[in-house]
Each structure stands twice: as C-alpha cells, then as structure tokens.
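Grab a pencil and open the viewer. Below are some exercises, each with a solution that goes one step at a time.

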Amino acid sequence: MNRKNVIRSAMALLTVAGLTMAGITPAHAVTKTQVTIWSYGNVIEPWGETEYERLHPDIDLKIKKNSMDAHHQSLITAFKANTTPDIAAIEVSYSGFFRSYPKYFTNLNGLVNESDYLDWRWNQGVGNDGKVIGIPTDVGGLQVAYRKDLFKAHGLPTDRAAVGALWPTWQKFIDTGKLYVSKLTPAEKTSCKVKKVCFGFIDNAGTMYPAILNQGAKKYYETNGTLIYKTNANVKTAFTTTATALNSGISTRINQFTSDWNAGMMKGVFATVLAPAWMLDYIKQQAASTSGKWDVADLPGGGGNLGGSQLTVPTAAKHPQEAKDFIKWYLSPAIQLEIFKRYGLFPSASSLYNNTALTGYKDKFFSNAPIGQIYVTGARQLRPIFEGKNQRAIDNYFGQALAKVAVGKMTAAAAWSDAIAQIDKNIKN
Amino acid sequence: MSNATSSLDTRKRKPTNIFKSEDPHKAEKPKRKKDKERRKATENGIKALNPNWGYAFVAPFFVMFLIFGLAPVIYSIVIAFYNWDPLGDEQQFSGLMNFTDLIVDDQFWTALRNTFSIWFFSTIPQMIMAIGLASILRNPRLKGATFWRTILLVPNITSVLAIAIVFGQLFGRDFGLVNLALTYLGMPAHIDWIAEPLPSHIAIATMITWRWLGYNSLIFLASMLAIPSYLYESAELDGASKWQQFRYVTLPQLRNTITFVLIVGTIGGLQVFAEPLTLGGNMSGGDSRQFSTLTLFLYEQAFVNNRWGYAAAIGIFITIIVIIISAINFAITRRISSEEND
C-alpha cells in the first residue's frame, strides 16, 4: 500500500467512525443531579422534560426509551441486578406482573391526592400487599377515528353523531363495514387480488379484540389471581366477534405501527381506526396531509380503554426524592391537562373531567370534533378490570391465533382451541 | 525498567503471593542476589522467568470467562431444573419437567427448522457472492481498489436495528420497494414477505447477507492474495482460461478459508435474533411463528412468558446442537486437511 492509499483508507475509516459517533451527545454539566427515567413510547412527552428542567435547573432528566415489551423485559433484569433507574414506567398490561412483586418498589402512598385520579386507574398501581407502587399517567380511552371523505364516497353518513348511531353494537359495526366494502370501486377490489393492497373498512379488525375484551368486567384472571381465560364468556365473545369481523372482509391485512400502516393511513386504504387517545397524535404526525378529513365517533358497545401506564420509583433508585418530586409534578392534574392539549394523552386525573379546558377541547385535524368531550364520556363509562400476572403473554397468544384467522390459515374454532392449548402449555400462573 | 525487574524478583521469592503489593524496603536488602539473578535471567532468556508468571498473563481472560462465561452457564443449568420465578424469593424444584416438556414442544421444533432454513439462505448464497466479489477486487486493473475494499465493511458496522428497520420497509407487502420492483419485472402478485414462511426466511437472510457479505469478501480476498502468482503464471502457460484458473487454482487454494467462513457463519446462524425480532415486532417471530428462531424462542419463554427454567432448558438444547454441529465441522475440516497432505 503506498502513502496515497494509506491516506485514502484512513479518511474512509474516519468518515465511518464519524458516522457512528454522530449519535453521541456531549457530556452534561457535573453539578446537576441526574434523574434516570426508563420509559417507552410517549409516556414522558418532550415538553414535560424541558419544562421541568427549566423549572429545576439543578435536575437533569435522563430519559431512556425502549419499545414497550423490551422496556418491561429489561426492567425485570434490572430489578434482579439492582441496576434500576430512578423512575420506571409500567404499562397496564404489565401492571399485574409487577404488582405481584411490591418489594421492588418504593411506597408512594401520600405523594399525591388519590381522589384526584380515576379509581380503577389508581388501583392498577397498587401492589398486591396494598402498597402504592405507581401513580397513573394517562388513560388510553378508546374511540373510533374515521375518514369523513371516504365515508361519503362509500355511501355512509359523515356526521359524527349519525356515524356513532350506525354502530351501537359490534355486530352493527361489522355490518356497516360490509356495507362500506360492498361500495368499493372495481379497481379497489381487484387491487387486493393483484397487488395484495386490500382496501377495507378498518385497518386491522384484530384490534377489536382488546377493545371488546376491555369492555367486560373480567379478562383472564379472577381478582384473586385464578386463571379463567378458558371459562370467561367475555374472552370467548371478544374472540369470536373479532374472528367474525376478520372473516367478513371488512379488514385490510395491515398490522398497526408498520410502514404499510403509515402509508395506508395517508393513502386512504382504510376508513376507520380504533384509536386510543394517545394514538391521535400519531395519526396527525404520520398522515399530516389528511388533515381535516378525519373525525372521531363513539366506540361500539360503550367506552373502551387501551393502554396507559404508571410511573414508579424502584427501591434501588439512586435519587428517590428527586424522582418522587418529578412524578408529583408531571402527573399533577394541571400538567396532565397541559400534556393533553399538546399531545392528546388523555388525563387519568378525573378531577379534570368537569374542567371546560378539557371538555371543550377541539382539534382541527379531526374536523374540530370535541375530542375532550368524546373521550371524557368514554372514560366515564369504563369499568375497572383486573390485569393478572401474565396478562401480556396471554394477550399475545390470542392475538397470534386471531392473526391466523386473518390470513385464512385457520377457522375461528380451530384458532380458539389452538390458542387455549398454547396458553395451557406456556402459562403456569 | 528497574521497577519491573525488582517486582519480578520479589515475586520469584514468594510465588504464591504474586498479587500482593510489594514493600520497597524489603526489596532493597538482597540487592546482590538480585543482580545475580538478573544476569542469569538474561543468560537463559525467557526460560529463567518464573513459570507461574504465565498464569498472571492469562488470568484476565480466565477471570472474565469465569464471571461472564462459566458462572452464567452453571447458573442456567441449575435453574433449568426449577420452575423459576424471575423476581420471586422461593423457587420450586421441578426435576426434568422442563426438558420433557421441551422435547414434545412443537414451537421448539418450528424454531429449530426456521433457524436452519434461515442459516441455509444466508450462508450459501452469501459465500458464492463473497468469492465472486473477492475475485473482482483481486483484479489488479480495478480502479480505486482500496476505496472499494473499505466501503465493503460499511454494512458490517451499521446497527442491526437500523438495517432491520430499513429492510422492513423495503419488504413491506403493500408499498415495499422490493414488491414494486418485482411487479415491474412482471411478477403477477405481491409477495407477503412477512406472513409467508419461505419469503420471510429469504427476507431475513437478505439482511444477514447484506451485513456480512463485505466482511466475508475481505476474508476471501486476503486468502486469494496469498495464493502464489506462479501458480497462475504456469496455468496461463498451460493455456488455462480465466474460468479454469479460478476453478482449478483459486478454489482449491481457498478450501481452508471456505471452511472457516462456513463455521463462523454457522455460529452466527444459530444466534440469529435481532433481524427476526425487528421484522416481526415481537418475540414470537411472526404470527404463525413462521420465522421464530431458537434464540428468539428462548428469549420469548424467559421474558414474555416468564418461564426462566424452561428458557434455561432451551439454552442447554441449543448448546447440544452447537456441539453436534461443531463436531461435524471438525470432521470435515480434518478430512480436508488430510486430503491436502496426500
């Protein structure tokens, strides 16, 4: 290798090194107290972070985000190894699991005013021994986001009250969907066979399963922890209704949070999405060009819930006091309202539900629908539901079984017994 | 330097205490003896060093191996016999139940089959392409050879996650570029690269190939450059065409390298994890487990189902499989080298 070549390859290497190091941020001032937060998705919104740091110049919030499942999985190992952050977010579907191990969490009893919050959301942060291990963040109140322009083009009403009246029950929702797909243009119909871009009424009918399930009184567990996934009629109803919807041809075959989903949202491949409050912001960002074409109507079968989390302080936290201070501030009703206005995360602070700033909230993107009022009404209809220890894993097995129905690999009955067999084998408590 | 020597001497007197910090006053006293020993050490070269020193040099590896290698292995063998609760205090002994459950678990066998299928699609075509690329890079008439050689390594240092996200978009069923390109080439229908077993294996294998192709090409290139040029000259004199030169000179000389790349590829292939995880978005490796791999299955049992004991049993099975494959590899390598000696 001659000198010129050496220089050339050195420069190439430097470029490569520069590319890899570009992601590293410079070190912060040493005098600040670093409060580490592990979270996922949009639990801690950027405004909350910068505002808190502005108000408390001595605090540096270090937020580590992960995907939802990976976040909770690394929490388990962190608890075991005493390497936990100062604040850990816990999603409701994992709440049953972590509530079984309250000894890993600092008692947050008395940190905030319990009566400010929705009681059932509060209880999702109470350990099995009665200790308060987490304070609720948002409520994933569930409604139907729909495309007015597409509804009109396919012969359906567009007014949100009339749309809500189309589907008092899930069966009516499926019927409406059938009506919609019967009016698809010939080009849209053949597209499914040729390009496999299947136009449909709803993005993914599989999302109906958790929605219907959460409208019941019980899921997979009795409140004492006994497994009832096999016998609970609510589970079976949710499963069969969803399977019916999947077989009725109203659903595209797109999975949520994929690139196809984002593209489909913009191109009008589907007309409805079962949208928890926290998803509205995602829709706005991904399909910015469809602004004003969306609206929000009531969920069939009454209010629904999907998601939400608690903020906890693990016992191994290095700065428990600073962590508690942040939680107290960030989850206070006033800040929850601010976060709702900025990002659409629906507050769990029920003391706000009469506040006109919340009930009067409208959004241009969703045709000035009174989003605040719609989601408040939905949240009020919700009943508490017990999340058991392996809730998330059982959800996965039912979800996989429904996906097999969706691609036509199994009948609903076969998928049901397949899911039950898998859960019997893999879930011991 | 004198410091180093004195510490050497102190240690020679008390070989059992090599990690103890030394006392400077003690070291001063037997100065003459030290000089004598130093001279002796120089005369006999390295042989005069206390043989116990060798242990100190290899210690870092063994200490690390003990902490991060052996201890976890023993720990996981232990928990494989328990119904292990990850955060609980009391563990329930379950004997061989985890193992007997595993043998009849169809999900395990699916994962095993997928792993080998992905391994096949990622290793074999990749090796052929790598040898091809290496022969292009070997060509002395190639302009900017160093640039091409350097740029080949870029995929290898790209984060697996970034690769998986980009490829996930390329392989999108409805709006993915791959399907778009295939449609232009006359493919009648879009392929569902994620929901169908074989296409999903090919998609994952493509990611792995893209990432490791350059690295393997460089290894082949290095061993091609080591082939003496007189072999080619004499082949040319004998009237061998370019292809014949490649077939009868280059390929036989690459035999050891091919084995090496194959072994490394197999080890990597049994550990495929990040690609299927990101492609499917969850631990089950697709809704019908169509691209669930062994390591993914292990992780799913441990962290989704919270069955750590069962996951440990899977780990032991993977180890057994690796041992079997290594034995086969070893046998093949030995056969190749004995062929060369003939």
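**Exercise 1. Work out in which order the five strands of the open sheet in chain A lie, and which are the edge strands.**

Step 1. Follow the open sheet across: its five strands come in the order β2-β1-β3-β10-β4 (chain A), with mixed pairing. Strands (E, at least two residues) and helices (H or I, at least four) are DSSP runs, numbered from the N terminus. Two strands pair if DSSP finds at least two bridges between them.

Step 2. Look for strands that pair on one side only: these are the edge strands, β2 (59-66) and β4 (134-136) of chain A.

Step 3. Check the turn: on average, neighbouring strands of this sheet are turned by 25 degrees against each other, direction ignored.

Step 4. Zoom in on one pair. Strand β1 (residues 33-40) of chain A runs parallel to β2(A), and eight bridges join the two. Thr36(A), for instance, has Lys62(A) in β2(A) as its bridge partner.

Step 5. Now add the helix. α3 (residues 68-81) of chain A packs on the sheet, where it touches β1, β2 and β3 (87-91) of chain A, and its direction makes about 125 degrees with that of β1(A). Such angles run from 0 to 180 degrees between N-to-C directions, with axes fitted to C-alpha atoms, for helices over the stretch in contact.

A word on what you're looking at: this is a predicted model, where local features need pLDDT of at least 70 and side-chain atom pairs count only at pLDDT 80 or more, while totals for chains, interfaces and linings use all residues. Residues are numbered from 1 along each chain as its sequence is written, and chains are lettered from A and ligands numbered from 1 in the order in which they are written.

**Exercise 2. Find the two domains of chain A and describe where they touch.**

Step 1. Mark the bounds: domain 1 is 33-139 + 308-352, and domain 2 is 141-306 + 364-426. Such bounds come from an automatic or database domain assignment.

Step 2. Find the centres over C-alpha atoms: those of domain 1 and domain 2 of chain A are 28 Å apart.

Step 3. Count contacts (C-beta atoms, placed from the backbone, within 7 Å). Here 18 residues of domain 1 of chain A meet 16 residues of domain 2 of chain A.

Step 4. Ask who supplies the domain 1 side. α4 (92-99) and α5 (119-123) of chain A each give at least two residues, and α4(A) gives the most, with six.

Step 5. Sort that side by type: nine nonpolar, eight polar and one charged. Ala, Val, Leu, Ile, Met, Phe, Trp, Tyr, Cys and Pro count as nonpolar, Asp, Glu, Lys and Arg as charged, and the others, Gly among them, as polar.

**Exercise 3. Describe the side of chain B that touches chain A.**

Step 1. Count: 26 residues of chain B are in contact with 33 residues of chain A.

Step 2. List the elements of chain B that give two or more residues to this side: α7 (145-151), α8 (154-157), α9 (160-170) and α16. The largest share, three residues, is from α7(B).

Step 3. Sort by type: 11 nonpolar, 11 polar and four charged.

**Exercise 4. Is Thr295(B) buried or exposed?**

Step 1. Recall the cut-offs: buried takes 20 or more other C-beta atoms within 10 Å of the residue's own, exposed 12 or fewer, and partly exposed is in between; C-beta atoms are placed from the backbone.

Step 2. Apply them: Thr295(B) counts as buried because it has 20 C-beta neighbours inside 10 Å.

Step 3. Place Thr295(B): it lies in helix α16 (residues 294-304) of chain B. Leaving out residues up to four places away in sequence, Thr295(B) touches Gln271(B), Val272(B) and Phe273(B).

**Exercise 5. Which residues other than glycine have a positive phi? Look at Phe257(A) and Asn368(A).**

Step 1. Know the background: most residues other than glycine have a negative phi.

Step 2. Read off the angles: phi is about 65 degrees for Phe257(A) and near 60 degrees for Asn368(A).

Step 3. Locate them. Phe257(A) is in the loop between α11 (233-247) and α12 (259-267) of chain A, and Asn368(A) in the loop between α16 (356-359) and α17 (371-381) of chain A.

Step 4. Check exposure: Phe257(A) is exposed, with 11 other C-beta atoms within 10 Å, and Asn368(A) counts as exposed with 11 C-beta neighbours inside 10 Å.
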